[in-house]
Amino acid sequence: MNRMEAEFSNLVKAYRKKHMGKGPERVITSFCKCWAICEMAGNLSPVEKFMAKTGDGRQMLRTARTEMVKEIYKEHPPVEMEELLGAKFVQLFVDIDIEQDVGMSVFVFDQDLEKKYKHLS
C-alpha cells in the first residue's frame, strides 16, 4: 500500500465512523485503474455481533452493511476522498461476510488512480 492508498484507507475509516457510528478496525486499499478497492476487517459493533447470532439478524445486517451504506454515500458524497485524489466519485460497490466480519468496498472514480499514483509505491 503506497502513501496515497494509506491516506485513502484512513479517510474510509473516518467516513464510516462519522456516518455509521463505527468504522472498520483495519482497511487495506489498492488502486486498480479507476477503482479504489478497500478490504475491511472489524466492521461490526458488539451489538451487531450479537444480532449476527440469528439468521434474520445476519440478513438484516447484510442489508444494512451493503444497500444502506451505498445510500449513505449518495446522501453524503465523499468530498474528502475526492479532494485527496483529485478525482470525482462515481459509484460504490459493497459486500460483506457477516460471519467473518470482513467486507469489500470498490469506489469508482472518474480517473485512472493506479496510473496517477503508481509512482508513490
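UniProt, in an unreviewed entry, lists residues 3-111 as "domain: Na+-translocating membrane potential-generating system MpsC". What you have above is a predicted model, so take this as a walk through a computed structure. Within that annotated span, helix makes up 48% and strand 28%. If you look for the two ends of the span, their C-alpha atoms lie 18 Å apart.

Now let's follow the protein chain from start to finish. How many helices and strands does the protein chain have? There are five helices and four strands. They come in the order α-β-β-α-α-α-β-β-α as you read along the sequence. The radius of gyration is 14 Å, close to the 14 Å the globule rule gives for 121 residues, so the protein chain is as compact as a globular protein of that length. Picture a box drawn along the principal axes: the C-alpha atoms fill roughly 45 × 25 × 20 Å.

What about inside and outside? Of the 121 residues, 40% count as buried. The surface that the protein chain exposes comes to about 7,000 Å², and carbon and sulfur atoms supply 56% of that area. There are also 19 positive and 19 negative charges, and the mean positions of these two groups are 2 Å apart. Then there is the matter of who touches whom. Take the contacts with a separation of 6 or more: 59% of them involve residues 24 or more positions apart.

A few single residues help to make this picture concrete. Start with S9, whose place is in helix α1, residues 3-20. Is S9 buried or exposed? Its relative accessibility is 2%, and anything under 20% counts as buried, so S9 is buried. Leaving out residues up to four places away in sequence, S9 touches M1, V27, I28 and T29. For a sense of distance, the C-alpha atoms of S9 and P77 are separated by 16 Å, with their positions 68 residues apart along the chain.

One of the partners of S9 deserves its own visit: V27, which lies in strand β1. V27 is 18 residues from S9 in sequence, yet their C-alpha atoms are 5.5 Å apart in space. V27 counts as buried too, because its relative accessibility is 9%. Besides S9, V27 touches M1, V12, K13, C38, E39 and M40, again not counting residues up to four places away in sequence.

Back in helix α1, you'll also find N10. Here the relative accessibility is 47%, so N10 counts as partly exposed. N10 and R62 are 52 residues apart in sequence, and their C-alpha atoms are 23 Å apart.

Next, jump to helix α4, which covers residues 79-85 and includes L85. How accessible is L85, buried or exposed? L85 has 0% relative accessibility, so it counts as buried. And which residues is L85 in contact with, leaving aside its neighbours within four places in sequence? They are M4, F8, F31, F109, L113, K116 and Y117. Take F8 from that list: L85 and F8 are 77 residues apart along the chain, but their C-alpha atoms are separated by 8.3 Å.

Finally, let's look at two loops. K33 lies in the loop between β1 (26-32) and β2 (35-41), while D101 lies in the loop between β3 (89-97) and β4 (102-109). Phi of K33 is near 55°, a positive value in a residue other than glycine. Phi of D101 is likewise positive and near 55°, and this residue isn't glycine either. Where do they sit with respect to the surface, buried or exposed? K33 has a relative accessibility of 54%, so K33 counts as exposed. D101 comes in at 11%, so D101 counts as buried.

Key:
Residues numbered from 1 in each chain as written. Predicted model: local features only at pLDDT ≥ 70, side-chain atom pairs only at ≥ 80, totals over all residues. Heavy atoms only, no water. UniProt positions renumbered as here; feature names shortened; annotations may be inferred. Rg over C-alpha atoms; globule rule 2.2 N^0.38 Å. Buried < 20%, exposed > 50% of the residue type's maximum accessible area, 1.4 Å probe, protein only. Contact = heavy atoms within 4.5 Å. Areas by Shrake-Rupley, 256 points an atom, 1.4 Å probe, with all protein chains shown as cover. Lys, Arg positive; Asp, Glu negative; His and termini not counted. Charge placed at Lys NZ, Arg CZ, Asp CG, Glu CD.
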